Structure formats: structure tokens, C-alpha cells
Amino acid sequence: MLYIVGLGLGDEKDITLRGLEAVKKCDQIFIEAYTSLLSFGLSSDGLSTLENLYGKPVTLADRETVEEKADQILSAAAASDVAFLVVGDPFGATTHTDLVVRAKKLGIDVKVVHNASVMNAVGICGLQLYHYGETVSIPFFTETWRPDSFYEKIQKNRGLGLHTLCLLDIRVKEPTLESLCRGRKQYEPPRYMSINTAIEQLLEVEDNRGESAYDENTMCVGLARLGSEDQKIVSGTMKELQSVDFGAPLHCLVIVQLYLKYCVYCL
């Protein structure tokens, strides 16, 4: 049996009772470690707070493991009970859907335990979830790669009178370009995009496109460490939010359509 278990957003205590029961009866436990992270992270000696709660070792599954070596997880699930832990909800990233499809093709039973994710927890800012359009991802710009495909989606959402949730880039165990050229993988240090960087990039794209999808006076809501005890939520214009220190990751940003009448967080 393969159990895919959502962990929620805050800390180890956010797992549901159903999820905890599933984890405790599994022989192996993997945790996906590249599309998100829990606020408490993992201890430097490898013994996480999750392991203390479960009483079992937890294996970190990075992007390479999940996308290129998923057979290892599936082979184990074919012979025993295996838990695959996901921060937030299991279907917040397409790779987890792929894992379910592959397991079912192999005749492996799959059970999913859902949990809170940024997609619904963002409602805490006071903007109704029904009034959100398509979610976009904002990737880190490089000197040679400055994608702006999110621009049209934001423009479309605002044209329909809808807010836009922007998920900000997470780069964990990403191979360097130089190492790929040499055929020997070396990895960049982990990076997590801040709200400040996201706004800087958004405004750069608007300057280049000049189609008035938004500007520095557009109202937004910045959310940091959503679901944790020290979450920070601030509303203001893009220009105002650029000067706010949101602290540690993870961050996300809502580009608001219409006047921020019902938002409960104000500068």
C-alpha cells in the first residue's frame, strides 16, 4: 500500500489523525523535500521532529528521487506499506499526481490523506476564495532567463475581476549549469524567493511589457510562513510591500483586484 499523506503547513502537529495512523503503520516513510517545507525544517543531524513524533526514520526524497527514481518508492510500496509525506496537500504539485498514476498502473493500492494547503489557507487574508483566478508561479530570474508567461495570466485574472495567488520560487538541490555541462552534478545552495524579490521581478516585467496589467500602486497581500505560529500577513501597494521585512520563508503574494475592502490585514 502507498499512503500519500498531507502534512499541512505549520509544524509536525498539523498532520491529521488519519494521516498519523497511516504513517505509524508503515514500514518506510519518505518526505518530499523540494516543492515546499514545514516551518520547523529538519535538524542538522538528520533526526527531525517528524521522526520524534512517528518513532521511525524518515527518508528525504528530493526532486531527483521523486521524478527520476520513483521506482524505488513504488517497489517498496508493492511489498509493504509505504508513506509518502507531502507538505500541504498531496496534490499541490503535479509530480505527486504522477506518482499515484504510476502506482495504480503497477497494481499498487493507494490511499490519500488530505490536509490544508496554501490554496485554501490563503483565505485567512479575508479575500473570498471564490474570487481568485488562475494561480501563477513566479520563478527566479537569471541573467539569461527572465520568463514572463505569468504576466498574461495575471492580466486575464484582473480583467475578469479576480485576485491572483502568486506562488514564489523554491530552488532546492538544483544542479548548477556548469556541473551539468561537465556531466557531474553539483548543486546550488537552497534559495527561497521573498515577496520583495517577487515584486521587483513583477514590476520589471510590467516595465518591459507596458500593458498596464498592474503597477507599483496595485494593492497586494503578502503572506509569510502561512499556517505557522509566527505567520506574517501584510496588505499594501506593491511599492509599500517592497520595504516590508517578511522574515523567513516560505512567502506567497496575492495581487488584489478591486479595492481591498474586505482584507483584514492593513499596513
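**View A. Val118 in helix α6 of the predicted model**. Let us start with Val118, a residue of helix α6, which spans residues 118-121. Beyond the residues up to four places away in sequence, Val118 touches Leu9, Leu165, Leu167, Leu226 and Cys252. An unreviewed UniProt entry includes Val118 in its "binding site" listing, together with Leu9, Asp89, Gly92, Ser117, Leu168, Leu226 and His251.

**View B. Leu226 in the loop between β10 and β11**. Here we move to Leu226, found after strand β10 (219-224) and before strand β11 (232-237). Is Leu226 buried or exposed? Leu226 is buried, because its relative accessible area is 10%, below the 20% cut-off. Setting aside neighbours within four places in sequence, Leu226 is in contact with Leu9, Val118, Ala121, Val122, Ile124 and Gln231. Leu226 also appears under "binding site" in the unreviewed UniProt entry.

**View C. The two faces of helix α4**. Which residues of α4 (residues 70-79) are buried? They are Ala70, Ile73, Leu74, Ala76 and Ala77. These residues cover an arc of only 160° around the axis, so they lie on the same side of α4. Turn to the face directed away from that buried side, and you will find the exposed residues Gln72, Ser75, Ala78 and Ala79.

**View D. Arg191 over the ring of Phe140**. For a last close-up, take a look at this pair of side chains. The charged end of Arg191 is placed over the Phe140 ring, with 4.1 Å to the ring centre.

Terms used: Residues are numbered from 1 along each chain as its sequence is written. This is a predicted model: local features need pLDDT of at least 70, side-chain atom pairs count only at pLDDT 80 or more; totals for chains, interfaces and linings use all residues. Side-chain values use heavy atoms; hydrogens and water are left out. UniProt positions are given in the numbering used here, feature names are shortened, and annotations may be inferred rather than shown by experiment. Helices (H or I, at least four residues) and strands (E, at least two) are DSSP runs, numbered from the N terminus. Contact means heavy atoms within 4.5 Å. Buried means under 20% relative accessible area, exposed over 50%, partly exposed in between (1.4 Å probe, protein chains only). A charge sits over a ring if NZ of Lys or CZ of Arg is within 6 Å of the ring centre and within 35 degrees of the ring normal. The arc is that of the directions from the helix axis to the C-beta atoms.
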